[in-house]
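Student: I am new to this structure, and I would like to test each term against its cut-off. Please begin with a single side chain and work outwards.

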Amino acid sequence: MRHLSLLLTLLLSGTLTMSAQVFRESATGVNPVIPEGWTFDIANGDLNKDGVLDMVVVTTPNYPEHMKTRDDGYVYNFNQPLLAIYFGEGLGQYRLWRTYDDVVPYSDNEYIFVDFTHRITLRGTLELSWSEMSSAGSWGTSSTTLTYRYQGGDFFLIGKEEESMQRNTGATELVSENYLTHKRQRVTSNAFDEKVKRREQWSKLEKKPLKRLGES
């Protein structure tokens, strides 16, 4: 995904521990399954529709060589977040299924702000969402949501939604793609001017094999 050059630098320098070696193979309840001191977020839900809660963990390392302290004491963390999927085994027990080193977008400088969240929906799909804004060089803000469904033994991308806005003009665009129905919706409007007519367009998407989670 994005920031590939930084990721390659980390791998070549040996400072990024492979996620398969970071996450514990099993977990009980929602106890941390990552090294002490790393920040983490956990989402629970039934991904494989077996009636048992599963768990998706996103954690950010705190390797000091990829952190920067501002004059006022604020600390930037430019480490690549890692993601792991645990399938539930019942009675609060979880077993590690797979880990991912580069599926979570992140910021590698103090001028770009990336806010990432993830959740498991009531339908059992995994949503990875993030918003991005630049404090210099661009008026644009954007948000993206990728929706994955577990089927055939893996997680496949079934939908994508991207929304953008220009903070100087108010021009907005929403693009939603459904890879199961092969339909694409594009909506344009203006957040500052109600006189600008909202326009909606639909088009067909080319039928292609669904992408797996982690596949570029």
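Student: What makes the approach of the side chain of Asn190 to the backbone nitrogen of Phe192 a polar contact?

Tutor: A polar contact is a pair of N or O atoms within 3.5 Å, in which, within protein, one atom must be able to donate a hydrogen and the other to accept it, and neighbours in sequence count only through two side-chain atoms. In this predicted model, where local features need pLDDT of at least 70, side-chain atom pairs count only at pLDDT 80 or more, and totals for chains, interfaces and linings use all residues, residues are numbered from 1 along each chain as its sequence is written. Side-chain values use heavy atoms, with hydrogens and water left out. A polar atom of the Asn190 side chain lies 2.8 Å from the backbone nitrogen of Phe192, and 2.8 Å is within 3.5 Å, so the distance satisfies the term. The side chain of Asn190 also has a polar atom 2.9 Å from the backbone nitrogen of Asp193.

Student: Why does Asn190 count as buried or exposed?

Tutor: Buried means under 20% relative accessible area, exposed means over 50%, and partly exposed lies in between, using a 1.4 Å probe and protein chains only. Asn190 has 18% relative accessibility, which is under 20%, and therefore Asn190 counts as buried.

Student: Which residues does Asn190 touch, leaving out those up to four places away in sequence?

Tutor: With a contact defined as heavy atoms within 4.5 Å, Asn190 touches Thr169, Gly170, Ala171, Thr172 and Val196. One of these, Gly170, sits in the turn of the hairpin that S11 and S12 form with four residues between them, and there Gly170 has a positive phi of about 85°.

Student: In which strand does Asn190 lie, and what makes a stretch a strand?

Tutor: Strands are DSSP runs of E with at least two residues, and helices are runs of H or I with at least four, numbered from the N terminus. Asn190 lies in strand S13, residues 183–190, and under the same kind of assignment the protein chain comes to two helices and 14 strands.

Student: What makes S12 and S13 a pair?

Tutor: Two strands pair if DSSP finds at least two bridges between them. Strand S12 (residues 171–178) and S13 share eight bridges in the antiparallel sense, which means that they meet this condition. Leu174 stands opposite Val187 in S13, and Ser176 has Gln185 as its bridge partner in S13. Four residues lie between these strands in their hairpin, where His182 takes a positive phi near 60°.

Student: What makes S8 and S14 edge strands of their sheet?

Tutor: The sheet is open, with seven strands in the order S8-S9-S10-S11-S12-S13-S14 and antiparallel pairing, and S8 and strand S14 (199–204) each pair on one side only, as edge strands do. From one strand to the next the twist averages 15°. Within this sheet, nine bridges join S8 to S9, with Thr117 opposite Ser129 in S9, while S9 and S10 are joined by eight bridges.

Student: What is the strand order of the open sheet with five strands?

Tutor: The order is S1-S7-S6-S3-S2, again with antiparallel pairing. Its edge strands are strand S1 (26–28) and strand S2 (39–45), and its twist averages 30° from one strand to the next. S2 and S3 are joined by seven bridges, and Ile42 stands opposite Val57 in S3.

Student: What makes a group of residues a nonpolar core, and which members of the largest one touch the most others?

Tutor: The term covers buried Ala, Val, Leu, Ile, Met, Phe, Trp, Tyr and Cys residues joined through side-chain atoms within 4.5 Å. The largest such core has 22 residues, and Leu47, Leu83, Ile85, Leu126, Tyr148 and Leu213 touch the most other members. Strands that each supply at least two residues of this core include strand S6 (82–90) and strand S9 (126–134). A second, separate core of 14 residues includes Val22, Val33, Ile34 and Tyr63. Back in the largest core, Leu126 has Tyr148 as its bridge partner in S10, and Leu213 touches residues including Ile85, Leu126 and Tyr148.

Student: How many of the 216 residues, as a percentage, count as buried?

Tutor: Of the 216 residues of the protein chain, 38% count as buried.

Terms used: Axes are lines fitted to C-alpha atoms, for helices over the stretch in contact, and angles run from 0 to 180 degrees between N-to-C directions.
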